[in-house]
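Biologist: Could you take a close look at one helix for me, and then show how it fits into the rest of the chain? I'd enjoy a connected walk-through rather than a list.

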Amino acid sequence: MSVPILKQGDVLIASIQSALTDQDLIQLREDFAEKIGRFRTRGVIIDVTALDVLDSFATRTLRGIAYVAKLRGATTVVVGIQPEVAFAMVQLGLALEGIATALDLEEGLDYLGKTARRSLGHAG
């Protein structure tokens with residue numbers, strides 16, 4: 001199942017609506033890597049609100065997407081991690097080190113906006 005990636009200004013947004021196979025996750029990572037360059041993306045939001053589990057492969061793949069995005073000049077925010085998922089991730093020792101998280105899409109967009117304003121302020 002392919003995950004659509006929507007463009008909103010200079011932000012790419014993917015909303016994962018159901019559990020993905022490992023191949024689906026790899027495809028999502030490749031799609032993001034290509035689209036970040038094509039659209040000159042500054043921000044990436046991955047919405048996992050609909051997921052009731054994030055296993056170790058999915059967590060590693062999300063980290064991979066964030067690191068690829070960073071190397072290509074974009075900031076990634078993972079939004080919508082449900083409380084049960086967060087508890088399970090902590091118990092399993094799974095972490096999204098160095099990746100911003102937010103409660104929902106609105107907070108994720110706000111975070112990216114603030115990050116962009118800070119970087120513009122430092123550029124001048």
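Modeller: Happy to! S56 belongs to helix 2, and please keep in mind that the model is predicted. With a relative accessibility of 36%, S56 counts as partly exposed. Its partner in space is worth a glance: G93 is 37 residues away in sequence, yet the two C-alpha atoms are 9.1 Å apart.

T59 is also part of helix 2, and here the surroundings change. T59 has a relative accessibility of 1%, so it counts as buried, the limit being under 20%. Setting aside neighbours within four places in sequence, the contacts of T59 are L54, M89, L94, A95 and L96.

Now for the nonpolar side of the story. The largest nonpolar core holds 28 residues, and the members that touch the most others are I16, L28, F32 and I46. Five elements each supply two or more residues to this core: strand 2 (11–15), helix 1 (22–38), strand 3 (43–47), helix 2 (56–71) and helix 3 (83–92). Your helix matters to this count, as helix 2 gives the most, with six residues.

I46 is a good place to see how the pieces meet. Beyond its neighbours within four places in sequence, I46 is in contact with A14, I16, F32, L62, I65, T76, V77, V78 and V79. Two of these contacts, I16 and F32, are also among the members that touch the most others in the largest core. There is also a second, separate core of eight residues, V11, I45, V79 and A100 among them.

Stepping back, the protein chain has four helices and five strands, in the order β-β-α-β-α-β-α-β-α from the N terminus on. Its radius of gyration is 14 Å, close to the 14 Å expected from the globule rule for 124 residues, so the chain is as compact as a globular protein of that length. Along the principal axes, the C-alpha atoms fill a box of roughly 45 × 25 × 20 Å. Of the 124 residues, 40% count as buried. Among contacts with a separation of 6 or more, 72% join residues 24 or more positions apart.

Since you may be thinking about ligands, let's turn to the empty space. The largest pocket encloses about 160 Å³. Its lining is made of D10, V11, R42, G43, G73, A74, T75, L112, T115, A116 and S119. By type, the lining residues are four nonpolar, five polar and two charged. Helix 4 (residues 105–123) contributes the most to this lining, with four residues. V11 appears twice in our tour, as it lines the largest pocket and is also a member of the second core.

One last stop is R40, in the loop between helix 1 and strand 3. Its phi is near 50°, which is a positive value in a residue other than glycine. R40 has a relative accessible area of 69%, over the 50% limit, and is therefore exposed. So the tour has covered each class: T59 is buried, S56 is partly exposed and R40 is exposed.

Notes:
Residues are numbered from 1 along each chain as its sequence is written. This is a predicted model: local features need pLDDT of at least 70, side-chain atom pairs count only at pLDDT 80 or more; totals for chains, interfaces and linings use all residues. Side-chain values use heavy atoms; hydrogens and water are left out. On a 1 Å grid over the protein atoms alone, a cavity is a set of points where a 1.4 Å probe fits but cannot get out, and a pocket is an open set with protein on both sides within 12 Å along at least five of seven lines; lining residues have an atom within 4 Å of a point. Grid points are joined across faces, edges and corners, and a volume is the space filled by probe spheres set on the points. Ala, Val, Leu, Ile, Met, Phe, Trp, Tyr, Cys and Pro count as nonpolar, Asp, Glu, Lys and Arg as charged, and the others, Gly among them, as polar. A nonpolar core is a set of buried Ala, Val, Leu, Ile, Met, Phe, Trp, Tyr and Cys residues joined through side-chain atoms within 4.5 Å. Buried means under 20% relative accessible area, exposed over 50%, partly exposed in between (1.4 Å probe, protein chains only). Contact means heavy atoms within 4.5 Å. The radius of gyration is taken over C-alpha atoms; the globule rule is 2.2 Å times the number of residues to the power 0.38.
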